[in-house]
Amino acid sequence: MTQIPTQTSSNGRSAMAEIAAIAALAAGAVLSLFLSLNAADPVMAFHAVLFVAAGALGVIGVGYMWRQRASGRSSTEGYNDGVVKYGVIASLFWGIAGFAVGLYIALQLAYPLLNLDLPWTTFGRLRPLHTSAVIFAFGGNVLIATSFYVVQRTCKARLAGEIAPWFVFWGYNLFIVIAATGYLLGVTQSKEYAEPEWYADLWLTIVWVVYLLVFLGTLWKRKEPHIYVANWFYLAFIVTIAMLHIVNNLTLPVSLAGTKSYSLFAGVQSALTQWWYGHNAVGFFLTAGFLAIMYYFVPKRAERPVYSYRLSIIHFWSLIFLYIWAGPHHLHYTALPDWAQTLGMTFSVMLWMPSWGGMINGLMTLSGAWDKLRTDAVLRMLVVSVAFYGMSTFEGPMMSIKAVNALSHYTDWTIGHVHSGALGWVAFVSFGAIYCLVPWLWKKEGLYSDKLVSWHFWLSTLGIVLYITAMWVSGILQGLMWRDYDGLGFLEYSFVETVEAMHPFYLIRALGGALFLIGALIMAYNVWRTISGASAAKAAAPALAE
């Protein structure tokens with residue numbers, strides 16, 4: 001006979017987990033304290049102190065959870081939405097911080113004096129701070145928050161573990177702080193999208209493994225027999241990013257007490273490994289994860305079923321198979337063997353088909369509900385994000401073709417392409433998801449102001465259009481000026497002349513970025529007023545019954 005777990009046994013398991021967590025956090029804090037006292041350089045000492053503080057705060061946090069449970073003020077029934085709420089707030093904070101730094105470095109390109117002749121305010125240090133803040137801090141927190149929300153609702157099961165989800169959230173944000181302060185202090189591996197040094201990468205690996213276990217554990221105890229397609233995309237994102245992160249960051253530290261390390265790869269092997277990672281960070285972090293958001297929030301907001309569930313499965317498997325091979329298109333006309341370049345180009349062009357299959361599936365989900373776009377600005381934002389996804393996934397394969405890449409590579413055209421996907425697709429679908437989540441999580445009738453959502457939408461859309469069109473024109477002009485020769489076979493333009501020609505386009509880009517930042521600030525105000533408002537929902541749905 002199967003024994004049904006009692007409340008006492010459940011409390012016993014929780015107590016054991018809390019004791020183990022406190023012991024691990026205390027041990028980590030002590031180890032970090034020892035490291036801070038014996039660090040080989042000041043940055044390692046500073047980061048070790050941050051780990052000490054994080055360990056101490058973690059012990060206090062787990063102790064608080066223990067006390068709440070012992071007093072009966074905490075419950076393990078229903079959904080664990082507390083961590084999702086924190087994820088939403090963190091997403092907004094990091095998004096605004098990342099957009100603000102992006103605007104500042106855009107102005108630095110137009111006005112170099114804004115580098116201020118200080119090492120920690122130069123473009124070279126602020127640029128990776130911007131990319132990490134918007135991709136990993138903003139985008140990563142959105143993915144963690146939405147994945148924890150969606151997997152619970154689609155599985156009708158509470159998140160696996162009580163401490164583990166909180167460890168994932170706080171551990172991930174500790175990684176963001178370590179990485180960001182490292183960039184400002186000059187600590188970097190100099191790898192695109194993989195700049196943090198070895199000890200930050202090691203910490204992220206631990207956090208990511210726990211994230212995977214929480215997600216798998218929730219799927220394992222699901223009450224729904226079917227695994228909804230959004231969870232397949234989330235799972236692919238989690239597993240593949242783990243593989244990419246570990247392989248690309250295989251390094252040998254100079255000292256266990258120092259920040260510096262050396263990659264196990266060198267030369268063209270290092271470049272290929274880096275862009276296998278770099279392109280698939282785009283493919284699985286910025287595409288697969290956010291497609292999971294699309295497959296849950298677009299049908300939910302439109303109150304329509306997914307247009308074709310069969311197409312969503314075809315979309316998933318074809319995208320997962322093809323994306324992993326496309327990285328070499330970043331290395332056209334380099335020392336990489338020509339066959340590898342052609343392979344990357346071929347798979348990139350093939351990617352157009354499954355990508356547009358997903359776009360069509362998302363847009364056609366609105367069949368019979370198109371009229372809602374006139375009145376629902378949140379749905380409008382979600383649908384426009386899908387349209388930007390379609391545009392970006394057409395432009396990317398086109399730019400991977402060698403003849404086109406010969407003109408576009410190293411130019412601002414690439415910057416325009418990246419931001420049409422990052423702002424139009426990733427940020428807009430994230431904004432839409434947050435606008436949906438806030439009233440649901442805080443049990444409100446709706447958002448504080450739908451009109452402010454509309455203002456956010458139009459300001460940000462105008463900002464994106466200004467940004468990407470300026471970069472398209474700038475990039476094509478750059479490429480043409482770089483390849484222009486006079487009658488004697490000499491270059492027609494010096495590099496300085498091409499930089500000077502970009503100045504008006506950099507001003508337009510900065511204006512577009514400013515509009516986008518203003519839109520995000522409007523969103524933050526709207527969310528704050530929604531959370532702090534007094535109006536509660538008429539009747540909250542009972543836990544595990546959605």
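**Salt bridges, a surface patch and helix packing**

Leucine 264 sits in the loop between strand E2 (261-263) and helix H8 (267-302). The model described here is predicted. At 55% relative accessibility, leucine 264 is exposed, because the cut-off for that class is over 50%. Leucine 264 also belongs to a nonpolar surface patch, together with Ile246, Leu250 and Leu252. The accessible area of these four residues together is about 380 Å².

Charged pairs were examined next. The count comes to 7 salt bridges. Side chains of opposite charge can pair when their charged atoms come close. One of the bridges joins glutamate 192 to arginine 127, with 2.9 Å between the closest N and O atoms. This pair links distant parts of the chain, its members being 65 residues apart. Glutamate 192 lies in the loop between helix H5 (164-184) and helix H6 (198-220). Arginine 127 belongs to helix H4 (residues 123-155). Glutamate 192 is partly exposed, with a relative accessibility of 21%. Arginine 127 is partly exposed as well, at 25%.

A further bridge is formed by lysine 156 and glutamate 224, whose closest N and O atoms are 3.4 Å apart. Here too, distant parts of the chain are linked, with the two positions 68 residues apart. Lysine 156 is in the loop between H4 and H5. Glutamate 224 is in the loop between H6 and helix H7 (229-248). The relative accessible area of lysine 156 is 22%, so this residue counts as partly exposed. Glutamate 224 is partly exposed at 28%.

Arginine 158 pairs with glutamate 162 in another salt bridge, and the closest N and O atoms are 2.9 Å apart. Arginine 158 has a relative accessibility of 11% and is therefore buried, the limit being under 20%. Glutamate 162, at 25%, is partly exposed.

Helix H9 (residues 309-323) was checked for its span. At 1.5 Å a residue, its 15 residues should cover 21 Å. The end C-alpha atoms are 21 Å apart, which agrees with that expectation. Buried positions in H9 are Ser312, His315, Phe316, Leu319, Ile320, Leu322 and Tyr323. An α-helix has 3.6 residues a turn, so residues three or four places apart point the same way. The cover over the buried residues of H9 includes H7 and H8. It also includes helix H10 (338-350), helix H11 (352-364) and helix H12 (377-400).

Asparagine 361 is located in helix H11. Its relative accessible area is 0%, so asparagine 361 is buried. Beyond its neighbours within four places in sequence, asparagine 361 contacts Tyr295, Val306, Tyr307, Ser308, Leu311 and Ser312. Among these partners, Ser312 is itself a buried residue of H9.

Helix H12 contains phenylalanine 394. This residue is partly exposed, with 42% relative accessibility. Phenylalanine 394 touches Trp352 and Trp356, leaving out residues up to four places away in sequence. The C-alpha atoms of phenylalanine 394 and methionine 16 are separated by 52 Å. Along the chain, phenylalanine 394 and methionine 16 are 378 residues apart.

Definitions and conventions:
Residues numbered from 1 in each chain as written. Predicted model: local features only at pLDDT ≥ 70, side-chain atom pairs only at ≥ 80, totals over all residues. Heavy atoms only, no water. Salt bridge = Lys/Arg side-chain N within 4 Å of Asp/Glu carboxyl O. Helix = DSSP H or I, 4+ residues; strand = E, 2+ residues; numbered from the N terminus. Buried < 20%, exposed > 50% of the residue type's maximum accessible area, 1.4 Å probe, protein only. Patch = residues over 30% accessible without salt bridge, like charges linked within 9 Å, V, L, I, M, F, W, Y side chains within 5 Å. Areas by Shrake-Rupley, 256 points an atom, 1.4 Å probe, with all protein chains shown as cover. Expected span 1.5 Å × (residues − 1). Contact = heavy atoms within 4.5 Å.
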